[in-house]
Amino acid sequence: MASVGIMALAAGLTACSSAGPATDGKSASADPQSATGTVTVWLMDDAQKSWPDLVQRVNDEFAAKYPKVTLRLAYQGWADKVAKLDKALGDGTAPDVVELGNTETMKYVLSGALAPVQRNTFDNSDTWINALANTCTYQDKLWCVPYYAGARVAIYNSAALQQATGSADFPKTEDELRTALDRIADKNKADRTYSPLYLPGPYWYAAMSYVSAYGGAIARFDSGGNWHGTLSDPKSQQGISHFVDLVRKYNKGDLTLNEQNQYEAMARGHAAAFYGNGYEAASVAAPVTGDPSLKDAVKVATMPGPGGKPLPTFIGGSALAVTAKSPAAALATDWVRMFTSTKSEQALADKDILPNNLTQLNPLKTKPVTAAAANAVPDAWFTPLAPGWGLVEKQKILPDMLTAILKGKSVDQAAKEADAAIDQLINKAG
């Protein structure tokens, strides 16, 4: 595993790079062997936990190409990365390369924190997943590079399903799913803490999937050139109500807990199924985080939604960006180029992580462990590409709305209040 925190991979000077600020070439220097400087990279700790071998290989490749450049890598956690990055940007200590969740990118594009890069200098850029590329694009310029995609799926204990229903195959329709969940509930009625479907109450990504299924939306762009909240629209309310009904009926845990570490409910024997990112399945049976005895029982499948169709999924994922004031922008861009190369993306695909492009995604559509997530990507939904979306998320407007409903507030009232709060923030850059 790559070492934690700061990692110097090549000896060299710590002065500004001699390569200059250009980020559009395929090489940071006419003579890479003589380039000097320091490149600081912030990656999320997902890479440290799940693909440290890829990180090490790319860093070794970079060190071989630029032997006089020092590369420093720091792993970040999602809980405090934004606050740390905002502080670093403010005091002039920002990294040269930073990983951004795809709901975070627009905030930093609009604030001028990122440097533009040339799309056609990156591998597979002509087949990047549109939903990822769109979050990196503004005013016909590319401000970050898609890294990997994520899609949510049904994750279930096939043994528990088999015992209760006689079949280990996950239901294809929601009516069939509800029947199966009712049978699971009956089979485990002696355990009041057992959730046939562990669906956390504040889980807004899941709730908005049901909103999308009914044709609703969090917000829409109007003819006047502004975004406005649309959670109180009838179709959106239908989706919210549908989600809340499922939570109340099938989640027997604390309804106010969010989806962080939701896999633990299954790992501890308290849930038959949950709706999560494909990689969460591995956590259920992992030696440290879960119960290894469940390895053969944990399966993934497409989550059925209303109307006999699959539940639309949120297209998650990450991008890599070069910060605007980086003194080593060209070197930093070359590191990003290596880290998102065809070879690097294949390393992710080999670990069942969805790559950034359709060419390498397609084989995963027929692989049992990735098929559900890979096939969900083309019809996935995304959060509004609005200036103030980051502020909306920061204020926790959606999870607070859901929690209020579960505590007794009407869907109509809670949705109207959420729309009003969204309207105050969504058109503001920040």
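This passage looks at one strand and its partners, then at a single arginine in a loop. The model is predicted.

Strand S1 covers residues 37-44 and is mostly tucked away, with 7 of its 8 residues buried. Two other strands pair up with S1. One is S2, made of residues 69-76, which lies parallel to S1 and is joined to it over 8 bridges. Within that pairing, valine 39 sits opposite leucine 71 of S2. The other partner is S3, spanning residues 97-101, which also runs parallel to S1 but is linked to it by 2 bridges. Here tryptophan 42 is the residue of interest, as it stands opposite valine 98 in S3. As a general point, side chains in a regular strand alternate between the two faces of the sheet.

Further along the chain, attention turns to a loop. Helix H4 (105-110) and helix H5 (130-134) have a loop between them, and arginine 119 is found there. Is arginine 119 buried or exposed? Neither label fits: its relative accessibility is 32%, so arginine 119 counts as partly exposed, given that buried means under 20% and exposed means over 50%.

What does arginine 119 touch, leaving aside residues up to four places away in sequence? The contacts are Ser125, Trp128, Ala133 and Leu142. With serine 125 there is a polar link as well, since the side chain of arginine 119 comes to 2.6 Å from the backbone oxygen of that serine. Cysteine 144 lies 25 residues from arginine 119 along the chain, and the C-alpha atoms of the two are 9.1 Å apart.

Terms used: Residues numbered from 1 in each chain as written. Predicted model: local features only at pLDDT ≥ 70, side-chain atom pairs only at ≥ 80, totals over all residues. Heavy atoms only, no water. Buried < 20%, exposed > 50% of the residue type's maximum accessible area, 1.4 Å probe, protein only. Helix = DSSP H or I, 4+ residues; strand = E, 2+ residues; numbered from the N terminus. Pairing = 2+ DSSP bridges. Contact = heavy atoms within 4.5 Å. Polar contact = N/O pair within 3.5 Å; in protein donor to acceptor, adjacent residues only side chain to side chain.
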